[in-house]
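Here's a quick briefing to read with the model open beside you. It goes topic by topic, so feel free to skip around.

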Amino acid sequence: MAYQPKSYRKFLAGSVSAALVATAVGPVVASAASFSDVNPNDSHAANIEKLVEKGYIKGYEDGTFKPYNNVTRGQVAKIFARILKDNGFQVPADKKAFDDVPVDAKDQELVEAAAIVKAAGVMTGNEGKLNPNQTMTRQQMAKVLVEAFDLTKPADFTSKITDLDKADEWARDYIKTLEANGVTVVTEYNPKGTVTRAAFASFVVRALDAQEAAQAPKVVSVSAINAKTLKVALNKELTSLDGLTFTVKRGTTSVVLTAKLSEDKKSVELSSSTNLVPGDYTVTVTGGKFEEGKNTGTVTVEAQRIASIELKSTNLVLASGTTPTSGTVSYIVKDQYGTDVTKEAIAANITWTSSVGTASDDNQGVLTINKGSEIKVDDTVTVTGVDAATGKTVSATLKAVKAASLSSLTFGELKLPTNKTRVETGLATAADVLVDVKDQYGNTITDTTTIDNATQVVVSDPSVTTSWVTVDNKPALRLNTIGLSSAKKVTVTVVIRATGQTVQYTFDVVKPSEPAEVAATAPTTVIAAGDAAGTVVVPLTVKDQFGKELTLDEIAANAGGFTITSSNSSVLPSNALAIATTGDNKGKLVNTGAVAGTGKTVITITVNATGKSTSFELEAKAARQLTSVELPTDLATNLIQGSTTTTKLKYKDQYGADFDATGDVANHKIVLSVDKVSGDDAGLTVSPNGDVANESSLDTDDAITLTADATKKGSYTLTAKLVNTSTNEVVSQATKTINVVENSSSGITYSVEDIPTLYKAGADFGTANTVDNADVTAGYAKEIKITAKDANGNTYVIPSSAIVSVSVDNTNLADVAKIGTKYYIAAKDETITEDKTVTLTVVVNTKEGIQTINKQVKISKDALYATAVKLLDKPITDSTAKAVTSLTFNDIAAFRTGSTVYGYVVDQFGGTSLDFDANTTEYVTNVNGFTISSGDSVGLTGTTFGLTDADTSSTATAGATLRYVVVTNNGKTATIDVKVTN
């Protein structure tokens, strides 16, 4: 063949990179790992491996590679010649290429290599010489790689290499091109230095990678591969269709087709559910690296037509009986694409004639000849079929043969149920085995009733049954293991009645995946006496009998397959430990009751099926105590006159963890105060002010309100003190300096505070689709607040009176309203099925004039789900409400009367519209001294918590205790400890 350098490079670009990932076609002399002098941890080892496996680089006879010997020009010539020959290039007839490589030289591989690389333009030599024994310099290597792989660089590329001036003038652009393509990344290239064999391997691989990355995909052709599908052939593989758009037009009419990447990844199939309408189709691919002018192709699609009709046999198989009057023969019809259309409408209009009687087909591939009188074996019948639309015909003389009977059966592919990888016990469809069934004439039998009548199935275990079914339009034997409970091999024997032949298939039936071994480690967080249920959380690693690690869902589903024990019940009793089956801790070990006391205990988790276990030690420290109080770090320190802001307190225990003040702390109080530092008196007020006995009322959002006077200004200190009321000692104190200022700062930038994601039907809790106070009370209407920052980064709270107007761009999705002195937004389209975004526009009156601020607000498509369950002593809207965690009744009669408790299920948006009864389950645990009769219950009825005991049959001894637990459908819990004194 003739060698043109550009043709060579184009071919190399399209083939060599693929060769590096394809099956080797060249001689493999060794693996890089087998060379005694190549360290597998060497940075070049992987690249040597790639080239050695393809036979492009070879080792030496002594088993070495000599990676740090310098590569010679002759070796480089051989490497590229091997690559070329591997991809179809032949040695030129005239092997004379360089003066110093005579054609009769002893090294004939070098002779051929020199001829190839010169003809290809990869190596052109110097003054007619190749100089094969000279070491290759780095600047010579740059030229070889750039020419071989047709690498280019941007016209405006700026090199960072500092020693380009040391390279010959002809080599500088080649070196810069390697740099532009990432083949070299050094700043000192050392142009006239040598290259080791190891480094050269890496340079070749990186050049291949660069060439592959630079090669843009393009459309090679578009063709119709069947009546419903176009095929777009590409010049290179695609990893996926992400980011690509396939636009299809028939003339000027747009056509919507479904795109699918083919298995070879070098073509895309565009399919329709119906036949394509005849016409000229143009496909244009956009996105990715497809370039205009190389991204389109056209094909003419013809109407589907019958191209051939074939009779599949020359035998007319007679019907059963002693004097058959009819017989059948199979046929197949194909269209112009070679697609079998026998059962399609296009094949329904074939006209059949017979030399005797009548001929008719079932449009399913079976032609029946009915003579009306006996047809004898060896009689002949001539049949002809004609498709009127195309004129295609078929004609044959058939010979009558005996009636068909099942003659052979072969088991084929095993098909398992979805999400199953083994044949398991306890399944109605444990497995299907496809079968290939033929009669004595070689015709395929697919009718399962015929197969059933012609066979007898015997199963080695009588608890396993079988049936003949159709799977993917093919007959199959189905295995039913509902009656089998243990793992075992099950052999099925099929007896062919007509011949007595037997065929067997053995199933290896296993039990479904179940826990076999478990591992766990002790929690690293502090555990303390009194910690509530759900605070001890231990992740588990569980493997089944096949060594597969179970998912959290699978662990939860098998929670009953473990036994969990605690060695010290005074710390945490065994019955207060379980694997969670719902909620955020699903599939993990959690405590279902409070930590009982201090000390150490060993927790052991045993897999019941295998007896394998894991243990860890858990230490419970002293009960948590409230030791410090904090103000939020993001509390605004500058309030514009007349503005308000809200905040809350944060509590910490002695271990530095957040402290839950839900039950308040005996003999403690919070004292809130504001003191002037400078400026006007009473310029800032706090509410509540002074002593607050209920700590829990101050650690929720908006619990504390700071109000700046409309006319005064100054600097003030907000102080929150945690005080021990028994000793009057200040246990902890937090302070924050707040400035009340005029809105006169220059360079202020205004913004809308972040608004939480909205519930899609948040405006429906009062008047439907209208934002009103009911939506605010329910927690779904969110306040719109304005803040500002000056040039120095100081943050200011802007009074709501500065807001002139508020609006949204899509009132079908959300709306706004002014309620009292504040503005709120809520969503109002419960039909959305995907998250939406609206733009909130707020017009603000500032010292700089009227300003318009926009804010994106997200609306969630999600339905409500529980994030917490609360039991309170007052309605949740009352800022003084606190959690009820314990109740003491004088006697059981008082318990029957009950106490006022408000139950709420809080959702992900902070709302409380989820019905308490419908979304929770109530039960009691840790019962001591109570006898609760069947039919009686403990729980909430409306807002009354107590014992439902109509016939007063339940009893309690003095000091009786129990724990009431309420759990949401997704595992959120709250508890009340109950005690009856007398």
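**Backbone oddities, cores, sheets and a pocket**

Lys265 comes out at 34% relative accessibility, so it counts as partly exposed (buried is under 20% relative accessible area, exposed over 50%, partly exposed in between, with a 1.4 Å probe and protein chains only). This is a predicted model, where local features need pLDDT of at least 70 and side-chain atom pairs count only at pLDDT 80 or more, while totals for chains, interfaces and linings use all residues. Residues are numbered from 1 along each chain as its sequence is written, and side-chain values use heavy atoms, with hydrogens and water left out.

**Backbone spots worth a look**

- Back to Lys265: its phi is near 65°, a positive value in a residue other than glycine.
- Lys265 is in the loop between β5 (258–261) and β6 (267–271); helices (H or I, at least four residues) and strands (E, at least two) are DSSP runs, numbered from the N terminus.
- Asn131 also has a positive phi without being a glycine, with a value near 55°.
- You'll find Asn131 in the loop between α4 and α5, and at 18% relative accessibility Asn131 counts as buried.
- Going from Ser687 to Pro688, the peptide bond is cis, with omega near 0°.
- Pro688 itself belongs to the loop between β39 (684–687) and β40 (690–692).

**The nonpolar cores**

- A nonpolar core here is a set of buried Ala, Val, Leu, Ile, Met, Phe, Trp, Tyr and Cys residues joined through side-chain atoms within 4.5 Å.
- The largest one has 61 residues, and Phe80, Met123, Leu145 and Phe200 have the most contacts inside it.
- Two or more residues of this core come from each of α2 (45–53), α3 (73–86), α4 (108–119), α5 (138–149), α6 (172–180) and α7 (197–214).
- The top contributor to this core is α7, with 10 residues.
- Another core, of 31 residues, lies apart from it, and includes Phe889, Leu914, Phe916 and Val978.
- Who are the neighbours that Met123 touches? Leaving aside residues up to four places away in sequence, they are Arg73, Val76, Ala77, Phe98, Val117, Lys118, Leu130, Met136 and Val144 (contact means heavy atoms within 4.5 Å).

**Helix α6**

- Tyr174, Ile175, Thr177, Leu178 and Glu179 are the buried residues of α6.
- Among the things covering those buried residues of α6 is α5.
- Just after α6 comes Gly182, with a positive phi of about 75°.

**Two open sheets**

- Two strands pair if DSSP finds at least two bridges between them.
- One open sheet has 4 strands in the order β26-β33-β32-β29, with mixed pairing.
- Its edge strands, each pairing on one side only, are β26 (527–528) and β29 (562–566).
- β29 runs antiparallel to β32 (residues 599–607), and 5 bridges join them.
- To see that pairing on screen, look for Thr563, whose bridge partner in β32 is Thr606.
- Another open sheet has 3 strands, ordered β56-β60-β59, and its pairing is antiparallel.
- At the edges of that sheet sit β56 (899–900) and β59 (937–941), each with pairing on one side only.
- β56 pairs with β60 (residues 944–948) in the antiparallel sense over 2 bridges, and Thr900 stands opposite Thr944 in β60.

**The second largest pocket**

- On a 1 Å grid over the protein atoms alone, a pocket is an open set of points where a 1.4 Å probe fits, with protein on both sides within 12 Å along at least five of seven lines; lining residues have an atom within 4 Å of a point.
- The second largest pocket has a volume of about 1,100 Å³, where grid points are joined across faces, edges and corners and the volume is the space filled by probe spheres set on the points.
- It is lined by 37 residues, and Ser330, Val366, Thr444, Ile445 and Thr446 are the closest to its centre.
- β11 supplies the largest share of the lining, 7 residues.

**Around Gln501**

- Gln501 is in the loop between β23 (488–496) and β24 (502–510), and counts as partly exposed at 33% relative accessibility.
- The C-alpha atoms of Gln501 and Ser407 are 8.6 Å apart, with the two positions 94 residues apart along the chain.
- Not counting residues up to four places away in sequence, Gln501 touches Ser407, Ser408, Val494, Val495 and Ile496.
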